[in-house]
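Let's work through a few short exercises together. Have a look at the model first, then try each task before reading its solution.

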Amino acid sequence: MSAGTEQRWIVLGDDGRHVSLGRTEPSEAQVKAASDALAAQGLSGWLARMQGDYYSRRKVTLEPLQRIGAAQEPDWQAALSAFDAARQRATH
């Protein structure tokens, strides 16, 4: 990773919604709280590491680290497509 590349940890829902947890690795308590919040809504997703500037037109990369939330099996590729569409709307 180059010095100019931003890295963040995010929660990515199976429907593409996402929220940043910050630039440092979240604690177990933060991950559990995010997982519990998703599960309470019947949603599932991932703790993921995002590399790149969200608001740049350049591509960002997401690395799934841990499944969180409800017990259902989320579809990573569908979530990525929905994330990309949401990011496109936010940056254009």
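Two strands count as paired if DSSP finds at least two bridges between them. Keep in mind that this model is predicted.

**Exercise 1.** Work out how strand E1 and strand E3 pair.

*Solution.* Start by finding E1 at residues 7–13 and E3 at residues 44–51. Next, count the bridges: there are seven, and the pairing sense is antiparallel. Because the cut-off is at least two bridges, E1 and E3 qualify with their seven. For a concrete example, take Arg8, whose bridge partner in E3 is Met50.

**Exercise 2.** Place the strands in their sheet and find what packs on it.

*Solution.* First, write down the strand order, E2-E1-E3-E4, for this open sheet of four strands with antiparallel pairing. Then pick out the edges: strand E2 (18–22) and strand E4 (61–69) each pair on one side only. Now check the twist: ignoring direction, neighbouring strands are turned by 30° against each other on average. Finally, add helix H1 (residues 28–40), which packs on the sheet and touches E1, E3 and E4. The direction of H1 makes about 70° with that of E4.

**Exercise 3.** Is Thr91 buried or exposed, and what does Thr91 contact?

*Solution.* Begin with location: Thr91 belongs to helix H2, which covers residues 76–91. The relative accessible area of Thr91 is 17%, and buried means under 20%, so Thr91 is buried. Next, follow its side chain, which reaches the backbone oxygen of Arg87 at 2.9 Å. Last, set aside neighbours within four places in sequence: Thr91 is then in contact with Tyr54 and Tyr55.

Definitions and conventions. Residues numbered from 1 in each chain as written. Predicted model: local features only at pLDDT ≥ 70, side-chain atom pairs only at ≥ 80, totals over all residues. Heavy atoms only, no water. Helix = DSSP H or I, 4+ residues; strand = E, 2+ residues; numbered from the N terminus. Buried < 20%, exposed > 50% of the residue type's maximum accessible area, 1.4 Å probe, protein only. Polar contact = N/O pair within 3.5 Å; in protein donor to acceptor, adjacent residues only side chain to side chain. Contact = heavy atoms within 4.5 Å. Axes fitted to C-alpha atoms, helices over the stretch in contact; angles between N-to-C directions.
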